[in-house]
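Welcome, and thanks for taking a look at this protein with us. Please open the model and keep it beside you while you read.

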Amino acid sequence: MSTPYFDFRRFRIRHDRCAMKVGTDAVLLGAWADVTKAKNILDIGCGSGLITIMAAQRNPTATLTGIEIEANAAGQAQENSEASPYADRIEIICSDIRHYQPARRFDCILSNPPFFEEKLLPPDKTRSTARHTAGLPFSELLKEAKRLLEPNGLFHVIIPYTSVNQFLAFSSLQGFSLTARTDVTTKKGKPPKRTLLCLYNNIAPVRTSFSQLELTDEQGRRSAAYQELTKDFYL
């Protein structure tokens, strides 16, 4: 049986009631996203609350909201945030993002969205909701991010490398511009598996930075670049 929690340097994430457990994708996004200057941060599909709490650690003054449609995960995210050093700045909401009507918009949005698009969904309904785009397709995710993001705000996501062109086409239709992209490979010489994207909420000439991140070195250990990116979080 897998452990019901995962310890980071400054907090513990319990995930035994969450369909999707703590994983590399969430850690990557939480460590990579440009959150340091944000004032109001939203995590769409926050799951256990990991990315929300990571953002709170990286930005000591921002207020943060995590929204999660699945009740068990939202409850666990609430418990995790309350047990963290950042409880006074985090709010967890159990809701469908399409029904969410906040009093203000956000200047930074994060999302590790569901992305498995197989036609045959798994029998576990909660795991299906967490893993599949059937509940919230990329086009709708971008539409909601546009609705909830301030002009000139930033939207950060991690998605499969194979979905990047489709996702960027949808983002352009919604009026986003790409400012940063990092393709993630398991090790040198392998094709990318994931891509981290930062989208600017405006159609304007912007400089886009491109990079590649290898997760492991030739010995199968965490690469120096990955260690540097996540040094404030992994034990």
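## Strand E9 and its two partners

Let's begin with a pair of strands: strand E8 (residues 177-185) and E9 run antiparallel to each other and are joined by 7 bridges. Within this pairing, Arg181 has Leu197 of E9 as its bridge partner. Please keep in mind that this is a predicted model.

E9 also pairs with strand E7. Here 7 bridges link E7 (residues 149-160) to E9 (residues 194-200), and the two strands are antiparallel. Two places are handy for finding the register on screen: Ile159 sits opposite Thr195 of E9, while Leu154 has Tyr200 of E9 as its bridge partner. How much of E9 is covered? Mostly covered is the answer, with 5 of its 7 residues buried.

## The whole sheet

Stepping back, these strands belong to an open sheet of 8 strands with mixed pairing, in the order E5-E4-E3-E6-E7-E9-E8-E10. Its edges are strand E5 (90-94) and strand E10 (209-214), each of which pairs on one side only. On average, neighbouring strands of the sheet are turned by 15 degrees against each other, with direction ignored. As a general reminder, strands of a sheet pair through backbone hydrogen bonds, in either a parallel or an antiparallel way.

Helix H5 (residues 138-148) lies across several of these strands: strand E3 (40-44), strand E6 (106-111), E7 and E9. Relative to E7, helix H5 runs at about 155 degrees.

## Helix H3, one side in and one side out

Now for helix H3 (residues 71-83). With 13 residues at 1.5 Å a residue, H3 should span 18 Å, and its end C-alpha atoms are indeed 18 Å apart, so the two values agree. At the start of H3, a side-chain oxygen of Glu70 comes to within 3.2 Å of the backbone nitrogen of Asn72.

Which residues of H3 are buried? They are Ala73, Ala74, Gln76, Ala77, Asn80 and Ser81. These residues cover an arc of only 165 degrees around the axis, and therefore lie on the same side of H3. Glu82 and Ala83, on the other side of H3, are exposed.

## What covers H3

The buried residues of H3 are covered by elements that include strand E2 (12-14), helix H2 (50-58), strand E4 (63-68) and E5. Helix H2 is itself mostly covered, with 8 of its 9 residues buried. Those buried residues of H2 are Leu50, Ile51, Thr52, Ile53, Met54, Ala55, Ala56 and Gln57.

Terms used. Residues numbered from 1 in each chain as written. Predicted model: local features only at pLDDT ≥ 70, side-chain atom pairs only at ≥ 80, totals over all residues. Heavy atoms only, no water. Pairing = 2+ DSSP bridges. Helix = DSSP H or I, 4+ residues; strand = E, 2+ residues; numbered from the N terminus. Axes fitted to C-alpha atoms, helices over the stretch in contact; angles between N-to-C directions. Contact = heavy atoms within 4.5 Å. Expected span 1.5 Å × (residues − 1). Buried < 20%, exposed > 50% of the residue type's maximum accessible area, 1.4 Å probe, protein only. Arc of directions from axis to C-beta. Polar contact = N/O pair within 3.5 Å; in protein donor to acceptor, adjacent residues only side chain to side chain.
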